[in-house]
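Student: Please choose one part of this model and take me through it closely. Then show me how it fits with the rest.

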Amino acid sequence: MRGRNRKGMEKDSADLEVVLHRLGFSVNVKIDLSSYEMKDAIRKFINKNHSQSTCLLLSVMTHGKEQEAMGTDWKGVGMHKDIILPIVKSDNIPCPKVFIMQMCRGNDRDVGVSKVRWGVDDAAAVDAQPMEVTEDSDSDSSSDEEPSPELEAFQVDWSGVCSKLAPTDVDYIITWACAEGKVSLRSRKQGSVLIQEVVKAFDMYGRDEDVATLFERVRRNVAKVEANLREEDRETESIVKQSAETKTHLLGKLYFKSSSSSA
């Protein structure tokens, strides 16, 4: 799903579509959706027959703020509540799910730090090219308190747990364009930092490496990008960085090797 008012998204969408076709996915692109249409598209997709699908990949490219993806009506759609959770909870989609979320998650810019960070200068990472971008906004917690009686009572007998049930939050992996609270970066000509690195990794290593490893490669290369952010109302430029984030609930290694996947 993407919107036309995000310059550079045409390249992102076209490049990702090409590489997904090469990996055996059947691709369906939705453009310029309002908040209602986004929710409706998810609902209709969930209701389809996915019994023959071996993997679902959903990429959402839009403007975003905090926990919401924005529709063309500039109304928010809950990224987890309205997009991810309905798909993950659906008994109609038993295959593993991959989510790629290209959008801002706040308004803070990552101006970087001068200290060397472990992994960023890893020789295993392929150097990413500098990009000139504009803002995408144009662009086990613990407690010292005693457990409540309700929590004390919520204990399970492991041998008595039904083995036919699976947890809801399994068999999916999400990669976000940026860290929580930060803006994501997109070039009007070259596309977004995240999607272009995803395309490169999927194209070069998609049939050989598991998805978690592919996204590790993507995160390294996104972190290596030096972006020159040009203010539209100013003549000055500033260097900004971006750190992609991956959250996985996969219980094993997932490979893109099947000829019957869906996207």
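Tutor: In this predicted model, begin with E245, which is partly exposed, with a relative accessible area of 30%. E245 forms a salt bridge with R105. The closest N and O atoms of the pair are 2.9 Å apart. R105, in contrast, is buried, because its relative accessible area is 6% and buried means under 20%. Why can such a pair form? Side chains of opposite charge can pair when their charged atoms come close.

Now follow the chain on from E245. Strand 13 covers residues 245-248. Strand 13 pairs with strand 8 in the antiparallel sense, over 4 bridges. One of the pairs to find is I173 with T248: T248 in strand 13 is the bridge partner of I173.

That takes us to strand 8, residues 172-176. How many of its residues are buried? The count is 5 of 5, so strand 8 is mostly covered. Look at which way the residues point. Y172, I174 and W176 point one way. I173 and T175 point the other way. There is a general pattern behind this. In a regular strand the side chains alternate between the two faces of the sheet.

Strand 8 has another partner, strand 6. These two strands run parallel and are joined by 5 bridges. Find M101, then look across: its bridge partner in strand 8 is W176.

Strand 6 spans 97-102 and supplies at least two residues of the largest nonpolar core. That core holds 33 residues. Which of them touch the most other members? They are V98, I100, F202, F215 and F256. Strand 6 does not work alone. Helix 1 (9-22), strand 2 (56-61), helix 5 (193-205), helix 6 (211-224) and strand 11 (227-230) each supply at least two residues too. Helix 5 gives the most, with 7 residues. Again there is a general pattern. In soluble globular proteins, nonpolar side chains tend to be buried together.

Zoom in on I100. Leave aside residues up to four places away in sequence. I100 then touches L57, L58, S59 and V60. It also touches T175 of strand 8. The rest of its list is L194, I195, V198, F202 and F215. V60 deserves a second glance. It touches I100, yet V60 is part of a second, separate core of 23 residues. That second core also includes I93, I174 and W176. You have met I174 and W176 already: they point one way from strand 8, along with Y172.

Go back to the stretch just before strand 13. K241 sits in the loop between strand 12 (237-240) and strand 13. Is K241 buried or exposed? K241 counts as buried, because its relative accessible area is 17% and the cut-off is under 20%. A polar atom of its side chain lies 3.0 Å from the backbone oxygen of V225. Beyond its neighbours within four places in sequence, K241 is in contact with D110, V111, G112 and L185. A223, K224, V225 and E226 complete that list.

Now return to charged pairs. The structure holds 9 salt bridges, and R105 with E245 is one of them. Another sits in helix 6, the helix that also feeds the largest core. There R220 pairs with E216, with the closest N and O atoms 2.7 Å apart. The two residues are 4 apart in sequence, about one turn of the helix. E216 is partly exposed, at 33% relative accessible area.

Helix 2 offers a further case. D40 forms a salt bridge with R43, with the closest N and O atoms 2.4 Å apart. They are 3 residues apart in helix 2 (residues 35-46), so about one helical turn separates them. D40 counts as buried at 14% relative accessibility. R43, at 44%, counts as partly exposed. K44 joins in as well: D40, R43 and K44 are linked in a network of salt bridges.

Finally, step back. The protein chain has 6 helices and 14 strands. Of its 263 residues, 44% count as buried. Its accessible surface comes to about 15000 Å², with 49% belonging to carbon and sulfur atoms.

Methods
Residues numbered from 1 in each chain as written. Predicted model: local features only at pLDDT ≥ 70, side-chain atom pairs only at ≥ 80, totals over all residues. Heavy atoms only, no water. Core = buried A, V, L, I, M, F, W, Y, C linked by side-chain atoms within 4.5 Å. Buried < 20%, exposed > 50% of the residue type's maximum accessible area, 1.4 Å probe, protein only. Contact = heavy atoms within 4.5 Å. Salt bridge = Lys/Arg side-chain N within 4 Å of Asp/Glu carboxyl O. Areas by Shrake-Rupley, 256 points an atom, 1.4 Å probe, with all protein chains shown as cover. Pairing = 2+ DSSP bridges. Polar contact = N/O pair within 3.5 Å; in protein donor to acceptor, adjacent residues only side chain to side chain.
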